[in-house]
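Biologist: Before we discuss any classification, please show me the structure. I shall then ask for the grounds of each term you apply.

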Amino acid sequence: TARVSIKDALYEPPGPKSRKVIGIVTAISLAVLAVLVVLIIRQFYITGQLNARYWSFLGRATTWKFLGKGLLGTLEAAALAGIVTFAAGFGMMLGRISKYKAVRGISTAFIEFTRGVPTLLFIYFFFLVAPQLGWKLSALWKIAAPVAISASGVVAEVLRSGVNAVPKG
């Protein structure tokens, strides 16, 4: 038998035998998922969870207005966080490639800190600790700032790798 390298197994198109196995496994997986969905819906029906009184709120305009406001707020926070993330990441990237050792060290420390701390901890800080410190932030900033801080270190490294990929001169 011929030995197949990992590169060939991962990156070459599957042969006829592999395509057949993939088709069979896909069909079995879809059948299992369909059975699970049917069992879940059946259990909901048995326990009365499909009763119209539990779902009637979806027919009210106030529900959709509320959900629409939430979607707009989420999009606004994402846009704000994206802008702040790029600006902070660009600044940290400039510090990381600086010729001054102190600036490079501070920037590196901040990048590693923001990359190492989970986003949820930054969110907890802005919602629970910042108000106790007297920081009065809107809900928009309480979510956009921690997301931006968390992502800015990653953006800085991505930008730095792009800069380093370009030859000097």
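Modeller: A compact globule of 169 residues would have a radius of gyration near 15 Å, whereas the protein has 26 Å. Please bear in mind that this is a predicted model.

Biologist: What are the spans of the C-alpha trace along the principal axes?

Modeller: The C-alpha trace spans about 65 × 65 × 25 Å.

Biologist: Which secondary structure elements does the protein have, and in what pattern?

Modeller: There are seven helices and zero strands. Along the sequence the pattern reads α-α-α-α-α-α-α.

Biologist: How much of the protein is buried, and what share of the contacts links residues 24 or more positions apart?

Modeller: Buried residues make up 17% of the 169 residues. Of the contacts with a separation of 6 or more, 62% join residues 24 or more positions apart.

Biologist: Let us turn to helix packing. Why is α4 called oblique to α7?

Modeller: The axes of helix α4 (residues 61-96) and helix α7 (residues 139-165) come within 6 Å and cross at roughly 40 degrees. Angles under 35 degrees count as roughly parallel and those from 65 to 115 as roughly perpendicular. The angle of roughly 40 degrees falls in neither range, and α4 is therefore oblique to α7.

Biologist: What is the handedness of that crossing, and which classes of residue form the contact?

Modeller: The crossing of α4 and α7 is right-handed. Their contact has 20 nonpolar, five polar and four charged residues.

Biologist: What makes α4 oblique to α5?

Modeller: Helix α5 (residues 101-116) packs with α4 at an angle of about 135 degrees, the axes being 7 Å apart. Roughly perpendicular ends at 115 degrees, and roughly antiparallel requires over 145. An angle of about 135 degrees meets neither condition, so α4 is oblique to α5.

Biologist: Which residues make that contact, and what is the hand of the crossing?

Modeller: The crossing of α4 and α5 is left-handed. From α4 the contact draws on Met92, Gly95 and Arg96, and from α5 on Val103, Arg104, Ser107, Thr108, Phe110, Ile111 and Glu112. By class, these comprise four nonpolar, three polar and three charged residues.

Biologist: How do you know that threonine 85 is buried?

Modeller: Threonine 85 lies in helix α4. Its relative accessible area is 7%, and buried means under 20%; threonine 85 is therefore buried. Beyond its neighbours within four places in sequence, threonine 85 is in contact with Val147, Ala148, Ala151, Ser152 and Val155.

Biologist: Why does phenylalanine 126 count as buried?

Modeller: Phenylalanine 126 belongs to helix α6 (residues 119-129). With 10% relative accessibility set against the limit of under 20%, phenylalanine 126 counts as buried. Setting aside residues up to four places away in sequence, phenylalanine 126 touches Pro131, Leu137, Lys142, Ala145, Pro146 and Ile149. Leucine 137 is 11 residues from phenylalanine 126 in sequence, with 8.5 Å between their C-alpha atoms.

Biologist: What makes phenylalanine 90 partly exposed?

Modeller: Phenylalanine 90 is in helix α4. Partly exposed is the class between under 20% for buried and over 50% for exposed. The relative accessibility of phenylalanine 90 is 38%, so phenylalanine 90 counts as partly exposed.

Biologist: How far is phenylalanine 90 from lysine 136 in sequence and in space?

Modeller: Phenylalanine 90 and lysine 136 are 46 residues apart in sequence and 27 Å apart in space, C-alpha to C-alpha.

Conventions
Residues numbered from 1 in each chain as written. Predicted model: local features only at pLDDT ≥ 70, side-chain atom pairs only at ≥ 80, totals over all residues. Heavy atoms only, no water. Axes fitted to C-alpha atoms, helices over the stretch in contact; angles between N-to-C directions. Helix = DSSP H or I, 4+ residues; strand = E, 2+ residues; numbered from the N terminus. Left-handed = near helix turned anticlockwise from the far one by under 90°. Nonpolar A, V, L, I, M, F, W, Y, C, P; charged D, E, K, R; others polar. Rg over C-alpha atoms; globule rule 2.2 N^0.38 Å. Buried < 20%, exposed > 50% of the residue type's maximum accessible area, 1.4 Å probe, protein only. Contact = heavy atoms within 4.5 Å.
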